[in-house]
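Q: Hello! I am new to this structure and would like a close look at just one part of it. Could you pick a part and walk me through it?

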Amino acid sequence: MRLLGAIFAGGTSRRFGGDKALATLHGKPLIQHVIDRLAPQVETLVVCGRDWPPYPDLADRPAPGLGPLGALCAALDHAAAHRFDAVLTSGCDLPYLPEDLAERLSGDGARVAAGQPLLGFWPVKLVRRLEMHLAAGEDRRMSTWLTIAAARTIDLGLIINVNRREDLAALE
């Protein structure tokens, strides 16, 4: 199976009060922690919503400003165009991703980590359904999309998510 990794890094980080992707943990930006954990598990990586060379930067599809679902749609479209089978996704604020994430989430349909819906496995065949959903101006909540995609929730145990500066300080 050809697996593309996609990191969502285009959010506004309102709760954090600054650019989360660039916030440092142990001297390294949060996004780099995610790259270091995700890259060995996939064939290649893309970053959605941010220029982070050498990885391609994907803009939301089918239009800008669609949040995580726009990023997911862009990643699925890129994967389809490059003949990947599925996309493994993560937010840029999950510095301690499981090293066996791909193995634990991969399966016969869409799957997401319990409590972390941006941490998911998405078969490429979902791209047109998601495009149509977004183009129709439908509900852009991830929870709605999880129902439409019939995504299974997988318990991966505790996944550390950095949402606020206090969360980051607690990890130092």
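A: Happily! To compare directions here, axes are lines fitted to C-alpha atoms, and the angle between two N-to-C directions runs from 0 to 180 degrees. Keep in mind that this is a predicted model.

Let's look at helix 2 and its surroundings. Helix 2 spans residues 67–81 and runs at about 155° to strand 1. It lies across strand 1, strand 4, strand 5, strand 6 and strand 8. Those strands belong to an open sheet of seven, with mixed pairing and the order 5-4-1-6-8-7-9. Strand 5 (57–58) and strand 9 (152–154) each have a single partner strand, so one side of each has no neighbour in the sheet. Helix 1 (residues 30–38) also packs on the sheet, touching strand 1, strand 4 and strand 6, and its direction makes about 165° with that of strand 1.

Now for the charged side chains. R61 and D77 meet in a salt bridge, at 3.5 Å from N to O. Because R61 lies in the loop between strand 5 and helix 2, and D77 in helix 2, the pair ties together parts 16 residues apart in sequence. D77 is buried, with a relative accessible area of 18%, while R61 is partly exposed at 31%.

Another salt bridge joins E131 and R128, at 2.9 Å. Here, E131 is buried at 15% relative accessibility, and R128 is partly exposed at 43%. Both residues lie in helix 4 (residues 127–135), three residues apart, about one turn of the helix. Through salt bridges that share partners, R61, D77, R128 and E131 form one network.

Terms used: Residues numbered from 1 in each chain as written. Predicted model: local features only at pLDDT ≥ 70, side-chain atom pairs only at ≥ 80, totals over all residues. Heavy atoms only, no water. Pairing = 2+ DSSP bridges. Helix = DSSP H or I, 4+ residues; strand = E, 2+ residues; numbered from the N terminus. Contact = heavy atoms within 4.5 Å. Salt bridge = Lys/Arg side-chain N within 4 Å of Asp/Glu carboxyl O. Buried < 20%, exposed > 50% of the residue type's maximum accessible area, 1.4 Å probe, protein only.
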